[in-house]
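Reader: Hi! I've got a fresh model to go through and could use some company. Shall we start with the charged pairs?

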Amino acid sequence: MAKLDPTPPIAAGTYRGGGGRGLHPLWSDEAATWRIGDAYAAAPNASFSVYSARHGLHYIVDEDAVGRVGVHRHLAGGWEMLASVETGGGAPCHVALNPAETLLAVANYAGGSVSVIRLDPGTGLPDGAVQTHANRGSGPNAERQEGPHAHWVGFSPDGRWLYQTDLGTDEVLAFPFDATGTLELPFVAYAAPPGSGPRHLVLHPHIAKRAYLVSEMASTLTTLDRARDGTFTGPVIRSTLPDAWRGHSIVAHVAINAAGTRLYVSNRGHDSIAVFALDAEGVPTLLEHAATGGEYPRFFLLLEDRGMIVVAHEKSQTVTTLAIDAEGRLAPTGVALGVPGVGYVLEVAPGGG
């Protein structure tokens, strides 16, 4: 077990190819002076994770050629790995739990497959064979869309559907689940504009029908209506970039605050977070573009209880923080911490999990 400082609130995931050594604890004192701790090497290429409150476990991807998901527990002063399982696909880049926290879904970017791992209800550890489904197809961008590329997975709140975005085929797929938790064949829940490259999707926390899709290559935010049959309709598409912007930029991450009143999208190239206000119907209106203070913001962590957003920049290899004001707008704090290979930040579960 790697010995770290007690209960670090945040950890930074890093890529080996960028010089990363594993998962680093990050913490700050009352003067907002940030420090980086020694890496936990058993979580390499940690580009995404999900936490199970039911089991007190973190499921962290190893985004490598042979994809794996590690099951990790954080204790007072350190991490330990309890299990590691191959995902059945390369470069796993996103994971999600079903509402009961008995199924773990994984998006494998290389090859465009989705895997579902059953979890033991008592321990949360992997239980049984991995179910895998590989998508087929391509898109008009020969360089980026030569084949399918699963980039995000997520369950509906009732657990009836598993959704997957495919950057390579410009699709959002929906997988029905039967009572046994068996992954059934998917259908196309939404066909995105050709060449747009759907990356991440997020469901509104309080409006059941509302969903938002961000498309990496088109730099767009699409507002959708989610139907009971699992499909998405009524797309309204908005740019995540300023009207006058003419440079290269691609979308990375999207998140909504707990109240469902603000939505945030990061732009890599423009190096900003686009802040949208959401009205009572969940309709977005652009408030601002806030500079992130680094190059290529791949991921950001929304920490409302601390009034900040923590941003991981994959090109400048820095972690910065932005303050959130009462209107949900963002302001620089001057914090910029060098973390080699950084691509992700996660919140360590309160109480150690």
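Reader: Which residue does Glu-63 form a salt bridge with, and how far apart are the closest N and O atoms?

Author: Happy to help! One thing to keep in mind is that this is a predicted model. The partner of Glu-63 is Arg-298, and the closest N and O atoms are 4.0 Å apart.

Reader: And what does the pair tie together?

Author: Glu-63 sits in the loop between β6 (57-62) and β7 (68-75), while Arg-298 belongs to strand β25 (residues 297-303), so the salt bridge joins parts that are 235 residues apart in sequence.

Reader: Are those two buried or exposed?

Author: Both Glu-63 and Arg-298 are buried.

Reader: How many salt bridges are there in the whole structure?

Author: A search of the whole structure gives ten.

Reader: Nice. Which residues are linked in a network of salt bridges?

Author: The network links Arg-144, Arg-199, Glu-216, Arg-268 and Glu-314. Within it, the side chains of Arg-199 and Glu-216 meet at 2.8 Å, N to O. Arg-199 is in strand β17 (residues 198-203) and Glu-216 in the loop between β18 (210-215) and β19 (220-226), so this pair ties together parts 17 residues apart in sequence.

Reader: What about the relative accessible area of Arg-199, and that of Glu-216?

Author: Arg-199 has 4% and is buried. Glu-216 is buried too, with 3%.

Reader: And which residue does Arg-268 pair with?

Author: Arg-268 forms a salt bridge with Glu-314, with the closest N and O atoms 2.7 Å apart. Arg-268 lies in strand β22 (residues 262-268) and Glu-314 in the loop between β26 (308-313) and β27 (318-324), so the two parts being tied are 46 residues apart in sequence. Arg-268 is buried at 5% relative accessible area, whereas Glu-314 counts as partly exposed at 27%.

Reader: Switching topic: how many helices and strands does the protein have?

Author: Zero helices and 29 strands.

Reader: Then what does the radius of gyration look like?

Author: It is 19 Å, which agrees with the value near 20 Å that a compact globule of 353 residues would have. The C-alpha trace spans about 50 × 50 × 40 Å along its principal axes.

Reader: What share of the residues is buried?

Author: Buried residues make up 58% of the 353. As for the surface, the protein exposes about 13,700 Å², and carbon and sulfur atoms supply 53% of that.

Reader: Last one: how far apart are the mean positions of the positive and negative charges?

Author: They are 1 Å apart, for 24 positive and 35 negative charges.

Notes:
Residues numbered from 1 in each chain as written. Predicted model: local features only at pLDDT ≥ 70, side-chain atom pairs only at ≥ 80, totals over all residues. Heavy atoms only, no water. Helix = DSSP H or I, 4+ residues; strand = E, 2+ residues; numbered from the N terminus. Buried < 20%, exposed > 50% of the residue type's maximum accessible area, 1.4 Å probe, protein only. Rg over C-alpha atoms; globule rule 2.2 N^0.38 Å. Areas by Shrake-Rupley, 256 points an atom, 1.4 Å probe, with all protein chains shown as cover. Lys, Arg positive; Asp, Glu negative; His and termini not counted. Charge placed at Lys NZ, Arg CZ, Asp CG, Glu CD.
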